[in-house]
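Work through the exercises below with the sequence and the structure side by side. Try each task before reading its solution.

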Amino acid sequence: MENNLIEIKNLKKSFGKINVLKGIDFSIKKGDVSCIIGPSGSGKSTFLRCINLLDYPTSGEILYKGENVLKNNYNVDFYRSKVGMVFQQFNLFNNMNVLDNCTIGQVKVLKKDYNSAKENALKFLEKVQMSKFIEAKPSQLSGGQKQRVAIARALSMDSEILLFDEPTSALDPETVGEVLKVMKDLAQSGLTMIIVTHEMAFAREVSNKIVFMDDGIICEQGKPEEILVNPKNERTKNFLFRFIVGESG
Amino acid sequence: MERTFFEWVGYILGHYGSWFLEGTAITLLISLLGTIIGFLIGLGLGSAKKLPRSSSKIKNFFLMILNGLITCYVEIFRGTPMMVQAIVIYFGMQEFMGISFSPTIAGIIIVSINTGAYMVEVVRGGIESVDPGQMEAAKSIGMSHGQAMIYVILPQTIKNILPATGNEFIINIKDTSVLNVISVTELFFVTKSIKGAIFRTYETFIVAALIYFVLTLTVTRLLKMLEKRMDGSKEFVHASSTMPILFLKKPGEKNGK
């Protein structure tokens, strides 16, 4: 399994006495899109945050291109610059305008010169259709606009993989579409992505793999058709059943 | 000959106006420099207090000691009157270390250290009031803790704590008056001297009170303006759709570490 971009072995995370992740095994290849679904509190977000070490795992291994990022002296900041993250609450830098949000990391972390950073940022802002707003501060943007800038910020770092933590959950139904469209385009362009989401139709459309998590473990994972249409695990069935009932009722 | 109240005030301003001006200048100098230096002390030590725990035990031990020292500094200088600090530092330095400053320099040092002690806690609170998501986002694009603090967290912190800093400045303008105990020729000291020369307590101190009031009022207005400016305008300009966007080379080939 040499061509796994990220491989995770027996990952555990506990906060004090509460075990949130109870041994996760997971891998993703370059160009793949995985969606993680599951009920609230199942550990989906914690799992995602463990992948780029915003929450430091209690035990286990995270192999990035075959190298364990949890070993001592591994350059965590460098690893994080390769693993981008898009947050539910956008988290744009409030003290900077849209353009600076997308250039600061390139200039300060990747040590690019400002002009090439700006060029790169403008390219991705254009891609998410936010290049008209480069002068705007985050407080002047709508939720959907903020999220699109956040995606451009992550893309500007030329990350190998992008993690999405419920990117549309804080948006109103109308703006969800614009963000999902951007993500769909990214998936088609071959970007590696791991997406925590509650948008089942979207998950089915874009992903090569769907992972169902409950109570800190991966209950079932496989192709979207297998998981969403013919789930084998009891808990997956229950979750999806409630989802369908919830949506139609 | 008996003068009325206003005649006395006129007499004082006429004869001792330049004394008042000099005293006011010293008061402003000490309180302004003291506030700025104290602000910087607070920014440094307040940020040091928020350093993340590391995985190495030795580093954590030093962090703990650093934290303890900062706490001692804050508690001691917040817990004793500035007048006492002034005497202890000014005369103590002379007696035990043979170091003597001019009273004005000593005054600036004392006000700075004192303001710093208050600002440490203000800065800590200011850092904590910034949404934790900002730090997470900074880390997620690979910034180190230091970079995240400098480019993302502290700019927002400073904006948050500007009102509290202005408050400190106004308090300092008034509290420099205690420095008269080490003979700093600030406004209060000058006023006392003038009173000694003409034996008119009431009129002389009314003039001093007015000067203090005008100073603090002006500073308050100026700070309000500064805060408004830092908030920025509510509008932004749409970048022109004809703006040239260049796609010259593929992104990020040469950016490895």
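**Exercise 1. Strand pairing in chain A**

Task: Find how many bridges join strand β1(A) to β2(A), and place the pair in its sheet.

Solution: Note at the outset that this is a predicted model. Strand β1 of chain A covers residues 4-15, and 9 bridges join it to β2(A), the two strands running antiparallel. For a single position in this pairing, take K12(A), which stands opposite K22(A) in β2(A). Widening the view, the order β2-β1-β4-β5 describes an open sheet of 4 strands in chain A, with antiparallel pairing. Its edge strands are β2 (18-29) and β5 (67-68) of chain A, each of which pairs on one side only.

**Exercise 2. A parallel pair**

Task: Determine which way the residues of strand β6(A) point, and whether they are buried or exposed.

Solution: Begin with the general pattern, in which side chains of a regular strand alternate between the two faces of the sheet. In strand β6 (residues 83-86) of chain A, V83(A) and M85(A) point one way, while G84(A) and V86(A) point the other way, and all are buried. Next, look for the neighbouring strand: β6(A) pairs in the parallel sense with strand β7 (residues 161-165) of chain A, over 4 bridges. Within β7(A), F164(A) is the bridge partner of V86(A).

**Exercise 3. A helix and its packing**

Task: Compare the span of helix α4(A) with the expected one, and then identify what its buried residues pack against.

Solution: Helix α4 of chain A, residues 114-127, has 14 residues and reaches 20 Å from its first C-alpha to its last, which is close to the 20 Å expected at 1.5 Å a residue. The buried residues of α4(A) are S116(A), A117(A), E119(A), N120(A), A121(A), L122(A), F124(A) and L125(A). It helps to recall that an α-helix has 3.6 residues a turn, so residues three or four places apart point the same way. The partners of these buried residues of α4(A) are α3 (98-108) and α5 (143-156) of chain A. Finally, follow the chain just past α4(A), where Q129(A) takes a positive phi of about 55 degrees.

**Exercise 4. Salt bridges within and between chains**

Task: Identify the salt-bridge partners of R49(A) and of K49(B), and say where each pair lies.

Solution: Over all chains, the structure holds 18 salt bridges. R49(A) forms one with D55(A), with the closest N and O atoms 3.0 Å apart, and both of these residues are buried. R49(A) also meets the side chain of E136(B) in a salt bridge, at 2.7 Å from N to O. That pair crosses between chains, from helix α1 (residues 44-51) of chain A, which holds R49(A), to helix α5 (residues 132-140) of chain B, which holds E136(B). R49(A) counts as buried because its relative accessible area, 16%, falls under the 20% cut-off.

Now turn to chain B, where E121(B) and K49(B) form a salt bridge whose closest N and O atoms are 3.4 Å apart. The two residues are 72 residues apart, with E121(B) in helix α4 (residues 103-128) and K49(B) in helix α1 (residues 5-49) of chain B, and the pair thereby links distant parts of the chain. Through shared partners, salt bridges join K49(B), K50(B), E121(B), R124(B) and E128(B) into one network. K49(B) itself has 19% relative accessibility and therefore counts as buried.

**Exercise 5. Inside and outside in chain B**

Task: Decide whether T191(B) is buried or exposed, and do likewise for M64(B).

Solution: Start with the chain itself, whose secondary structure comes to 8 helices and 0 strands. Of the 257 residues in chain B, 39% are buried. T191(B), found in helix α7 (residues 187-198) of chain B, is buried, with a relative accessible area of 0%. Leaving aside residues up to four places away in sequence, T191(B) touches F20(B), T204(B), F205(B) and A208(B).

M64(B) lies in helix α2 (residues 57-79) of chain B and is exposed, because its relative accessible area is 52%, where exposed means over 50%. Together, I58(B), F61(B), F62(B), M64(B), I65(B) and L69(B) make a nonpolar surface patch of about 670 Å². For the whole of chain B, the exposed area is about 14,500 Å², of which carbon and sulfur atoms supply 67%.

How values were computed:
Residues numbered from 1 in each chain as written. Chains lettered and ligands numbered in written order. Predicted model: local features only at pLDDT ≥ 70, side-chain atom pairs only at ≥ 80, totals over all residues. Heavy atoms only, no water. Patch = residues over 30% accessible without salt bridge, like charges linked within 9 Å, V, L, I, M, F, W, Y side chains within 5 Å. Areas by Shrake-Rupley, 256 points an atom, 1.4 Å probe, with all protein chains shown as cover. Salt bridge = Lys/Arg side-chain N within 4 Å of Asp/Glu carboxyl O. Buried < 20%, exposed > 50% of the residue type's maximum accessible area, 1.4 Å probe, protein only. Expected span 1.5 Å × (residues − 1). Contact = heavy atoms within 4.5 Å. Pairing = 2+ DSSP bridges.
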